[in-house]
Structure formats: structure tokens, C-alpha cells
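Here is a set of exercises to work through with the viewer open. Try each task yourself before you read the solution below it.

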Amino acid sequence: MGNPIINFIVNNLISIHSGPAASKAFSAFKLAAVSAVGLSISERFTEWYLESQLFIILLTGALFFDLGFGVAKHLKLHTFSFKKMLTGFMTKLAVVIAGYFLTEAFIQILSDADLDSVYFKVATKLMLFIYPAGNTFVNIGILSNGKFPSEGFMKRFEKFNKTFDVMVFKQKEDESKNTDNNPS
């Protein structure tokens, strides 16, 4: 009875210690194979995490800013509900996690096919980040009575959501000419 993992390990260790040579070899192989699979999965996960660490931190921060400013907005508007906050946050968290997993899968598939996936990678990460960040900016706009962020800034987010074109965030030629912030 007991824990099947512990039973597996103990039975194979006993077989290695006191069984016939074929049984010892087979038990050693089973123990090595199981630990190698676990180690391989762990190694891939660690490699992915180290590559994506900054984006994961930024995305997590955006989720929590969205939660905090959303609560503040609903408190200001007297529409706060703990149940709606909890279900809304859990839904948004599930959508972001599923979206991140699926976009990482797309990126992996594209990279395996030797396609240039840089544009797609940037666009999907922007899409994932804008979901909580865009809501945060809308909530900040409500809390600041429309003073921050600017309407032009919000229109770029809206245009990206409609077109999936990362070039909406690129500075236009005429915007780069007057860099001293003084009127011409």
C-alpha cells in the first residue's frame, strides 16, 4: 500500500541490492530512466524560465497593478464587489496563463520550422502584456479623471489590439525631429 513512488524506489533498490544480475541491471535502468526524464523536464523548464524571467516578472506586475487599480476604481465608483474582484482576477490570470502557454507553443513551432518568428514573438508578448496593462491604464485614466495617460497613448494600444501591428508603437518621423520638448 503506501505511496507508489516510494514503493517503486524501495522495490528497485532492494532488487539492486539483493536480486540476480539481470534484475539488478533492469532495476538500475528503471531508476535511472525515471530520474532522467524528471531531470530533462526540469532542465527545459529552468532554461525557459531563465530566458523569459523578465517578461514573466513584468506580466505578473501588470496583473497585480491591474488588480490594485481596478479595486481602487471600483471603490471610487462605489461598485466594488469582492466576489466579482476575485472571479475577475482569477479569469484574467487563467486567460493570461493559457495565452502565454499557447503563444510560447506557437513560437516554439515557428522556430522549429526555421521561420523568422521575431515579429510574431514581439507581437504576441505585446498582446499578452497589453491585456492587463491596457486595463490598468484605463483604470488609471478613470482615477485621474482623464489626466493620465494621454488619449494618443491609449489610441496606440487600441490600434494595436485591432491590427496586431507592432509598428503603431514606433515613433513617427515628425515626432523625432523636435526632441527638446519645446514648441518649434
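Helices here are DSSP runs of at least four residues, numbered from the N terminus. Keep in mind that this is a predicted model.

**Exercise 1. Find which helix gives the largest share of the lining of the largest pocket.**

Solution. Start with the space itself: the largest pocket holds about 790 Å³. Next, go to its centre. Of the 27 lining residues, the closest to that point are Trp48, Tyr49, Ser52, Tyr100 and Glu104. Then sort the lining by helix: H2, H3 and H4 each bring at least two residues. The largest share comes from H2, with 13 residues.

**Exercise 2. Classify the ring pair Phe45 and Trp48 as stacked, tilted or edge-to-face, and place the two residues in their helix.**

Solution. A pair of aromatic rings is described by the distance of the centres and the angle of the planes. The structure has nine aromatic pairs. For Phe45 and Trp48, the centres are 5.5 Å apart and the planes make an angle of 40 degrees. Stacked needs under 30 degrees and edge-to-face over 60, so the 40 degrees of this pair make it tilted.

Now for the placement. Both residues are in helix H2 (residues 21–76), and because they are three residues apart there, about one helical turn separates them. Check their surroundings too: Phe45 is exposed at 53% relative accessible area, whereas Trp48 is partly exposed at 25%. Finally, zoom out a bit: Phe45 and Trp48 join Phe55 and Tyr100 in one aromatic cluster.

**Exercise 3. Look for lysines over aromatic rings: which ring does Lys92 sit over, and which one does Lys125 lie over?**

Solution. Take Lys92 to begin with. Its charged end sits over the ring of Tyr131, 5.2 Å from the centre. Lys125, for its part, lies over the face of Phe55, at 4.9 Å from the ring centre. You've met Phe55 already, as a member of the aromatic cluster.

**Exercise 4. List the residues of the largest nonpolar core and say which helix gives the most to it.**

Solution. In soluble globular proteins, nonpolar side chains tend to be buried together. Here the largest nonpolar core has eight residues: Ala123, Ile130, Phe137, Ile140, Phe157, Phe160, Val166 and Val168. Helix H4 (118–143) and helix H5 (151–163) each supply at least two of them. H4 gives the most, with four residues. Apart from this core lies another, of seven residues, including Leu59, Leu63, Phe89 and Leu128.

Back in the largest core, pick Ile130 and list its contacts, skipping anything up to four places away in sequence: you get Asn135, Phe157, Phe160, Asn161 and Phe169.

**Exercise 5. Trace the contacts of Val71 and Met85.**

Solution. Val71 is in helix H2, while Met85 belongs to helix H3 (residues 82–112). Leave out neighbours within four places in sequence, and Val71 touches Phe80 and Met85. Do likewise from the other end: Met85 is in contact with Leu67, Val71 and Phe80.

Distances help fill in the picture. Val71 and Phe82 are 11 residues apart in sequence, with 9.0 Å between their C-alpha atoms. Met85 and Asn7 are 78 residues apart along the chain, and their C-alpha atoms are separated by 45 Å.

**Exercise 6. Hunt for unusual backbone geometry at His78, Phe164 and the bond from Phe148 to Pro149.**

Solution. Most residues other than glycine have a negative phi, and most peptide bonds are trans. His78 has a positive phi of about 60 degrees. Locate His78 in the loop between H2 and H3, where it is exposed at 73% relative accessibility. Phe164 also has a positive phi, near 60 degrees. Phe164 sits in the loop between H5 and helix H6 (173–177) and is partly exposed, at 28%.

Then turn to the peptide bond: from Phe148 to Pro149 it is cis, with omega near -10 degrees. Pro149 is in the loop between H4 and H5.

**Exercise 7. Decide whether Asn12 is buried or exposed, and name its contacts.**

Solution. Find Asn12 in helix H1 (residues 4–18). The cut-off for buried is under 20% relative accessible area, so at 3% Asn12 counts as buried. Setting aside neighbours within four places in sequence, Asn12 is in contact with Ser27, Lys30 and Leu31.

Technical notes: Residues numbered from 1 in each chain as written. Predicted model: local features only at pLDDT ≥ 70, side-chain atom pairs only at ≥ 80, totals over all residues. Heavy atoms only, no water. Phe/Tyr/Trp six-rings, centres within 6.5 Å; stacked < 30°, edge-to-face > 60°. Buried < 20%, exposed > 50% of the residue type's maximum accessible area, 1.4 Å probe, protein only. Lys NZ or Arg CZ within 6 Å of the ring centre and 35° of its normal. Core = buried A, V, L, I, M, F, W, Y, C linked by side-chain atoms within 4.5 Å. Contact = heavy atoms within 4.5 Å. 1 Å grid on protein atoms, 1.4 Å probe; cavity = no way out; pocket = protein on both sides within 12 Å on 5 of 7 lines; lining within 4 Å. Points joined across faces, edges and corners; volume = space filled by probe spheres on them.
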